[in-house]
Amino acid sequence: TWGAATSATPPAGALTGASEDAEFATPWCASAGNCEVVGGYETTGTTWRLMSAVETSGTWSQVTALPGVQQGQLLTGASFACTSIGNCVAVSATLAWTEAAHTWGTPTPLALKPNETLSVSGVACPSATTCIAVGTMLTFPCSCRPDVSAAAVAETSGTWGTPEPLQQPQQLTPSVYIAGLDGIACQPNVCVAVGEGGSYNDSDPYDEPIAATWSSGT
């Protein structure tokens, strides 16, 4: 049985009234009534910021803003995961935030090469010191179509590594086969990520489900 919905007040600086544009996007729960949630809100100048709130024994805390601002970029769809309440990660666009003991640090840019872009669609944490974000990487080797690969990047003890494309499930050249990961779930020290892969050949297109398993750092 669902209880009545409650509303939250975005942090200071958020647009209000008829101009208010804010939403919570992704929750993480340790137990019933004990959760943390992240979302985004718009400020003046079409600037989006992330925000979070914590529920303790069924009562929600005041909403707080995450540090850092992205001008003109929608950040409400941040991927979000925790190892415990107050110890979480959030990834949106190419920025990653780490929360330790209920304090969010400044965002860290993911280490992408100049010809790469990364769209993160999921993040999960197999241990208290490791979190893994997955998504789709576009590499632009020339002015032609980009190579599109499933990709992952890991955070270890608060430090994010370099996003890396996963090995393609078929022995085809990158310009023919495309892949992306849509979500990830973890148990202690083991994760499974799932998504889709398919042909980049206009004359013979197809799409198939794919999965990858992470275990002990690999």
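Strands are taken here as DSSP runs of at least two residues, numbered from the N terminus, and two of them pair if DSSP finds at least two bridges between them. With that in hand, this predicted model can be explored strand by strand.

A good place to start is the hairpin formed by strand 12 and strand 13, which has 2 residues between its arms. Strand 12 covers residues 116-127 and strand 13 covers residues 130-139, and the two pair in the antiparallel sense over 9 bridges. To find this pairing in the structure, one can look for Leu-118, whose bridge partner in strand 13 is Met-137. As a general guide for viewing such elements, the side chains of a regular strand alternate between the two faces of the sheet.

Further along the chain, an open sheet of 3 strands comes into view, with the order 17-18-19 and antiparallel pairing. Strand 17 (177-187) and strand 19 (207-215) stand at the edges of this sheet; each has a single partner strand, so one side of each is left without a neighbour in the sheet. Neighbouring strands here are turned by 20° against each other on average, direction ignored. Within the sheet, strand 18 (residues 190-199) runs antiparallel to strand 19 and is joined to it by 9 bridges. One of the residue pairs to look for is Gly-197 with its bridge partner in strand 19, Glu-208.

Several of these strands meet again around the largest pocket, which holds about 260 Å³ of space. Strand 13, strand 14 (147-156), strand 17, strand 18 and strand 19 each supply at least two residues of its lining. The lining comprises 18 residues, and those nearest the centre of the pocket are Ile-132, Ala-152, Leu-166, Trp-214 and Thr-218. By character, the lining residues divide into 13 nonpolar, 4 polar and 1 charged.

Attention then turns to the aromatic rings. A pair of aromatic rings is described by the distance of the centres and the angle of the planes. A search of the whole structure finds 1 such pair. The partners are Phe-80 and Trp-104, in a tilted arrangement with 6.4 Å centre to centre and 40° between the planes. Phe-80 belongs to strand 7 (residues 79-84) and Trp-104 to strand 10 (residues 103-104), so the pair ties together parts that are 24 residues apart in sequence. Both Phe-80 and Trp-104 are buried.

Technical notes:
Residues numbered from 1 in each chain as written. Predicted model: local features only at pLDDT ≥ 70, side-chain atom pairs only at ≥ 80, totals over all residues. Heavy atoms only, no water. Helix = DSSP H or I, 4+ residues; strand = E, 2+ residues; numbered from the N terminus. Axes fitted to C-alpha atoms, helices over the stretch in contact; angles between N-to-C directions. Phe/Tyr/Trp six-rings, centres within 6.5 Å; stacked < 30°, edge-to-face > 60°. Buried < 20%, exposed > 50% of the residue type's maximum accessible area, 1.4 Å probe, protein only. 1 Å grid on protein atoms, 1.4 Å probe; cavity = no way out; pocket = protein on both sides within 12 Å on 5 of 7 lines; lining within 4 Å. Points joined across faces, edges and corners; volume = space filled by probe spheres on them. Nonpolar A, V, L, I, M, F, W, Y, C, P; charged D, E, K, R; others polar.
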